[in-house]
Amino acid sequence: MSRGLFIGRFQPFHKGHLHALKWILEREDEVIIAIGSAQYSHTLRNPFTLGERVEMIWLVAKSEGLTDRVIIVGVPDTNGEHSLWVQMLVSWLPEFDRAYTNDPLSRRLLKEAGVSVLPIPLYKRETYSATRVRELMIKGGEWEELVPPPVASFIKKRRLVERLRELTLATQL
């Protein structure tokens, strides 16, 4: 049984993330989804709480029939203490065989610790980017088509677009 590690902030979880998750699951029996920057929320870069991101991903996993193959875990940043980050992953997460990430620093730190790291093919990156989704939310654009339907429903139900717009106003003052 093989288990991969998929690392990201998922602010929010979009269709590109779902495509990556399915791609990893073609190679692994299970995937640990490690939600990074777990301690941050209510900022323009990290507007959603860890609990909100866990719930978004769980709703998608349920709708896709993947709950028996996915483990969702939050991981805080080490605030520049890079030498501690991989040690924290190893102690906080269930055991994993490989890591999947395109983040250069994460790749470097994991490789230096002897972890096998594979890149994830980017799926329509110009379209599916969490930064782009957040920008469209703020500007009133068509963001819903960029996220899986359960994520769009969750964001609307929890009025998270309004939060993002309020955060934008607060930073402009």
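Biologist: What does α4 lie across, and at what angle to β5 does it run?
Modeller: α4 lies across β1, β4 and β5 (contact: heavy atoms within 4.5 Å). It runs at about 155° to β5. Angles go from 0 to 180 degrees between N-to-C directions, with axes fitted to C-alpha atoms, for helices over the stretch in contact. Helices (H or I, at least four residues) and strands (E, at least two) are DSSP runs, numbered from the N terminus.

Biologist: And what does α1 lie across?
Modeller: β1, β2, β3 and β4 (98-100). Its angle to β2 is about 145°.

Biologist: What are the ground rules here?
Modeller: The model is predicted: local features need pLDDT of at least 70, side-chain atom pairs 80 or more, while totals for chains, interfaces and linings use all residues. Residues are numbered from 1 along each chain as its sequence is written, and side-chain values use heavy atoms, without hydrogens or water.

Biologist: OK, the sheet. In what order do the five strands come?
Modeller: β3-β2-β1-β4-β5, open, with parallel pairing (at least two DSSP bridges per pair). β3 (70-74) and β5 (116-118) are the edges. Neighbouring strands are turned by 25° on average, direction ignored.

Biologist: How many bridges pair β1 and β2?
Modeller: Six, in the parallel sense. Arg3 has Glu30 in β2 as its bridge partner.

Biologist: Switching topic. At what angle do α2 and α6 cross?
Modeller: Roughly 140°, for α2 (residues 50-63) and α6 (residues 149-157). Their axes come within 8 Å.

Biologist: Which residues meet there?
Modeller: α2 brings Glu52, Glu55, Met56, Leu59, Val60 and Ser63. α6 brings Pro150, Val151, Phe154 and Ile155.
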